[in-house]
2 protein chains.
Amino acid sequence: MQRNGVMECSVCHSKVVAPSPRSVSRAYDKHRSKISSKYRALNFLLVSGDCILVGLQPILVFMSKVDGKFQFSPISVNFLTEVTKVIFAIIMLIVQSRKQKVGEKPLLSLSTFVQAARNNVLLAVPALLYAINNYLKFIMQLYFNPATVKMLSNLKVLVIAILLKFIMRRKFSIIQWEALALLLIGISVNQLSSISDGTKSFGLAVTTIAYIYTLIFVTVPSLASVYNEYALKSQFDTSIYLQNLFLYGYGAVFNFLGILGTVIFQGPESFDILRGHSRATMFLICNNAAQGILSSFFFKYADTILKKYSSTVATIFTGLASAAFLGHTLTINFLLGISIVFISMHQFFSPLAKVKDDKPAGAIELEDAQNHRTNV
Amino acid sequence: MQRNGVMECSVCHSKVVAPSPRSVSRAYDKHRSKISSKYRALNFLLVSGDCILVGLQPILVFMSKVDGKFQFSPISVNFLTEVTKVIFAIIMLIVQSRKQKVGEKPLLSLSTFVQAARNNVLLAVPALLYAINNYLKFIMQLYFNPATVKMLSNLKVLVIAILLKFIMRRKFSIIQWEALALLLIGISVNQLSSISDGTKSFGLAVTTIAYIYTLIFVTVPSLASVYNEYALKSQFDTSIYLQNLFLYGYGAVFNFLGILGTVIFQGPESFDILRGHSRATMFLICNNAAQGILSSFFFKYADTILKKYSSTVATIFTGLASAAFLGHTLTINFLLGISIVFISMHQFFSPLAKVKDDKPAGAIELEDAQNHRTNV
């Protein structure tokens with residue numbers, strides 16, 4: 001028999017204070033917050049940076065056009081972006097190695113490089129998938145109109161969650177699955193306003209080949225992101241700049257092979273990768289590169305889902321900013337859509353929605369005792 | 001120190017099995033499910049009945065029209081509906097009193113009636129509010145187009161929740177508030193497809209008087225429902241048929257006063273309340289009456305929120321049925337809207353989202369021990 005947390009010993013009948021469920025859960029929360037508070041500031045910085053870069057994107061795209069058209073080949077942008085990221089990774093590695101203290105394992109030695117290259121060979125997989133995706137985007141636009149492509153892209157968030165569950169063994173609670181579904185729905189509601197009335201009912205040409213293309217179009221980039229997260233996190237001890245160097249190196253190689261392929265099929269004029277570029281397009285490439293580098297930080301220190309939410313919030317801010325500064329009217333669809341997205345975001349990251357670990361009370365108590373020892 | 005749920009007495013060092021948080025929560029869940037399982041079957045019956053009645057409504061409305069027009073005065077429908085409900089309540093009271101066993105307090109005696117009438121005088125409040133609301137509906141249609149009225153009606157669900165919080169002292173968790181917001185958004189997304197493009201951006205004539213009318217239009221019926229729930233539940237021991245008799249009696253009186261009012265202002269031909277009615281309109285009135293009676297059961301044995309969800313599900317089923325049988329196409333808006341509504345419903349009624357009672361562990365343990373005693 002237990003009253004007010006005081007328990008009677010069944011042998012000697014003396015009173016003992018029993019651990020209430022609340023004290024256990026409090027100790028456990030404390031244990032968890034110790035781990036997560038360190039990353040919270042980083043997450044905030046990542047999301048803010050992402051919002052700024054994504055917000056700049058449409059301005060740079062507008063500035064890159066000459067007479068309303070792009071003068072350069074879109075494939076060259078991908079290659080130049082990879083090269084920019086490689087250069088950035090090398091610069092950061094040099095900066096980091098100068099800061100190293102005596103006795104630390106040198107970052108720029110050949111042995112470190114070879115060992116890291118061997119450990120991080122998995123990064124070739126996402127690099128290849130990203131390169132394939134760059135070509136898929138063009139193919140999709142031949143089969144579907146841009147609005148439909150945008151709508152189908154939204155399905156990525158659910159595919160990513162399923163892949164995270166199977167590749168990263170992430171557990172999501174039912175509320176979190178619903179939050180992800182709401183994210184997908186919220187973005188779709190927002191996009192509905194920009195779709196012409198003709199395509200609103202299910203009048204898509206849904207042939208078997210279209211289904212297969214959609215499946216590939218949605219799965220390839222999702223798999224790339226999740227596998228990237230897996231590869232970056234599985235070699236957590238390797239410097240992120242070294243990992244980036246490999247990832248973008250592979251990316252540059254695969255994109256270069258792509259350019260070679262187009263040269264073979266379309267003739268040598270495709271090979272002139274710097275044709276039609278201006279100062280504005282260089283800024284666009286730098287912005288693309290910065291977004292890519294930021295993604296690596298998301299994947300290594302946060303996760304693919306946060307990246308998805310971040311992109312959505314960035315889009316929302318762009319919409320709000322264009323309403324405030326350019327006088328665009330906010331549609332009911334936009335307002336309903338962003339309400340859904342914000343509710344989804346709150347639910348996904350709410351502590352209430354987190355999957356409870358199924359540890360027995362004793363194990364948690366023990367864990368907490370160990371934490372206490374290391375603190376003392 | 002505690003390991004695997006076994007605790008050592010600090011005085012005599014003998015081992016005592018400590019109650020783990022899980023065993024406490026399990027016992028508590030068992031205690032709660034004992035109370036709620038009784039009502040689950042009733043809730044299911046209420047929602048099913050509501051869906052059937054709401055589904056029949058558009059068919060009966062269609063049948064009630066002669067050459068596409070109503071021949072009768074809409075105010076007379078309200079009065080006849082109240083009278084039908086009064087007749088039903090009297091019949092049920094007679095049936096119930098015949099079933100009474102010897103020694104039970106008689107349902108039909110004058111003393112029971114007078115005492116119940118005195119206790120349930122509060123039911124005059126919702127009856128008056130409902131009567132006022134019947135007139136407000138007409139006024140709203142003078143100021144706003146029907147689609148806007150429909151949209152504004154959605155706000156009722158949030159107003160109801162706020163009133164439940166203050167009048168009924170109901171506690172909602174943050175997830176439940178979000179679920180209610182999602183219900184509102186889901187219904188709105190569904191309705192967006194039927195609104196013409198012109199009204200999609202915020203081009204409403206939002207004058208101060210329109211704001212005030214909206215506030216009244218949304219608050220009056222919400223207050224009526226919540227106050228009805230409060231009045232019915234606060235005299236829980238009074239038979240629901242007796243409570244209905246008072247509620248509908250007051251309703252008939254208020255509606256009759258309304259008709260008298262129109263007679264004074266518009267001349268005596270408004271007094272002919274049976275003019276233009278046919279067999280079809282009688283079915284329509286019976287359906288209205290049945291919906292009203294079912295509402296009383298919702299308010300007394302379930303709550304206003306379940307009633308709201310029930311109406312929404314009924315609308316969805318009507319939409320799906322008209323797609324299946326009448327070949328209407330399902331719009332993307334409809335599919336997105338119902339997805340949001342179903343997620344909202346799951347979240348609102350999910351045990352995860354329920355407000356946790358802040359009882360200390362000892363109190364729950366004690367309660368469980370008492371339950372155990374009564375069972376043995």
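# Exercises on a predicted model

**Exercise 1. Which residue forms a salt bridge with B:Arg170, and where do the two partners lie?**

Step 1. B:Arg170 pairs with B:Asp303 in a salt bridge, and their closest N and O atoms are 2.7 Å apart. The structure is a predicted model.

Step 2. B:Arg170 sits in the loop between helix H6 (156-167) and helix H7 (174-192) of chain B, while B:Asp303 sits in the loop between helix H10 (279-301) and H11 of chain B. The pair is 133 residues apart and links distant parts of the chain.

Step 3. Buried means under 20% relative accessible area, and exposed means over 50%. B:Arg170 has a relative accessible area of 23%, so this residue is partly exposed. B:Asp303 has 12%, so this residue is buried.

Step 4. As background, side chains of opposite charge can pair when their charged atoms come close.

**Exercise 2. Which parts of chain B does the salt bridge between B:Asp50 and B:Lys307 tie together?**

Step 1. The side chains of B:Asp50 and B:Lys307 meet at 3.2 Å, N to O.

Step 2. B:Asp50 belongs to helix H1 (residues 21-64) of chain B and B:Lys307 to helix H11 (residues 304-326) of chain B, so the salt bridge ties together parts that are 257 residues apart in sequence.

Step 3. B:Asp50 and B:Lys307 are both buried.

**Exercise 3. How many residues apart are A:Glu82 and A:Lys85, and in which helix do they lie?**

Step 1. A salt bridge joins the side chains of A:Glu82 and A:Lys85, with an N to O distance of 3.4 Å.

Step 2. The two residues are three residues apart in helix H2 (residues 74-99) of chain A, so about one helical turn separates them.

Step 3. A:Glu82 is buried, and A:Lys85 is buried as well.

Step 4. For the whole structure, a search over all chains finds eight salt bridges.

**Exercise 4. What span should helix H4 of chain B have, and what do its end C-alpha atoms show?**

Step 1. Helix H4 of chain B covers residues 124-143, which is 20 residues.

Step 2. The expected span is 1.5 Å times one less than the number of residues. For this helix the result is 28 Å.

Step 3. The end C-alpha atoms of the helix are 29 Å apart, which agrees with the expected span.

Step 4. The buried residues of H4(B) include B:Ala124, B:Pro126, B:Leu129, B:Asn133, B:Asn134 and B:Met140.

**Exercise 5. Is A:Ser225 buried or exposed, and which residues does it touch?**

Step 1. A:Ser225 is placed in helix H8 (residues 208-234) of chain A.

Step 2. The relative accessibility of A:Ser225 is 12%, so A:Ser225 counts as buried.

Step 3. Leaving aside residues up to four places away in sequence, A:Ser225 touches A:Tyr130, A:Phe299 and A:Thr304.

**Exercise 6. Which residues form a nonpolar patch on the surface, and what is their accessible area together?**

Step 1. The patch consists of A:Ile52, A:Leu56, A:Ile59, A:Phe62 and A:Met63.

Step 2. Together these residues have about 540 Å² of accessible area.

Step 3. One of them, A:Ile52, lies in helix H1 (residues 21-64) of chain A. A:Ile52 is exposed, at a relative accessible area of 55%.

Step 4. For chain A as a whole, about 20100 Å² is exposed, and carbon and sulfur atoms supply 66% of that area.

**Exercise 7. What sign does phi have at A:Arg169 and B:Arg169?**

Step 1. Most residues other than glycine have a negative phi.

Step 2. A:Arg169 is not a glycine, yet its phi is positive, at about 55 degrees. B:Arg169 is not a glycine either, and its phi is positive at about 55 degrees.

Step 3. A:Arg169 is in the loop between helix H6 (156-167) and helix H7 (174-192) of chain A. B:Arg169 is in the loop between H6 and H7 of chain B.

Step 4. A:Arg169 is exposed, with a relative accessible area of 67%. B:Arg169 counts as exposed at 67% relative accessibility.

**Exercise 8. How many helices and strands does chain A have, and what share of its residues is buried?**

Step 1. Chain A has 13 helices and three strands.

Step 2. Of the 376 residues in chain A, 44% are buried.

Step 3. Among contacts in chain A with a separation of 6 or more, 81% come from residues 24 or more positions apart.

Key:
Residues numbered from 1 in each chain as written. Chains lettered and ligands numbered in written order. Predicted model: local features only at pLDDT ≥ 70, side-chain atom pairs only at ≥ 80, totals over all residues. Heavy atoms only, no water. Patch = residues over 30% accessible without salt bridge, like charges linked within 9 Å, V, L, I, M, F, W, Y side chains within 5 Å. Areas by Shrake-Rupley, 256 points an atom, 1.4 Å probe, with all protein chains shown as cover. Salt bridge = Lys/Arg side-chain N within 4 Å of Asp/Glu carboxyl O. Helix = DSSP H or I, 4+ residues; strand = E, 2+ residues; numbered from the N terminus. Buried < 20%, exposed > 50% of the residue type's maximum accessible area, 1.4 Å probe, protein only. Contact = heavy atoms within 4.5 Å.
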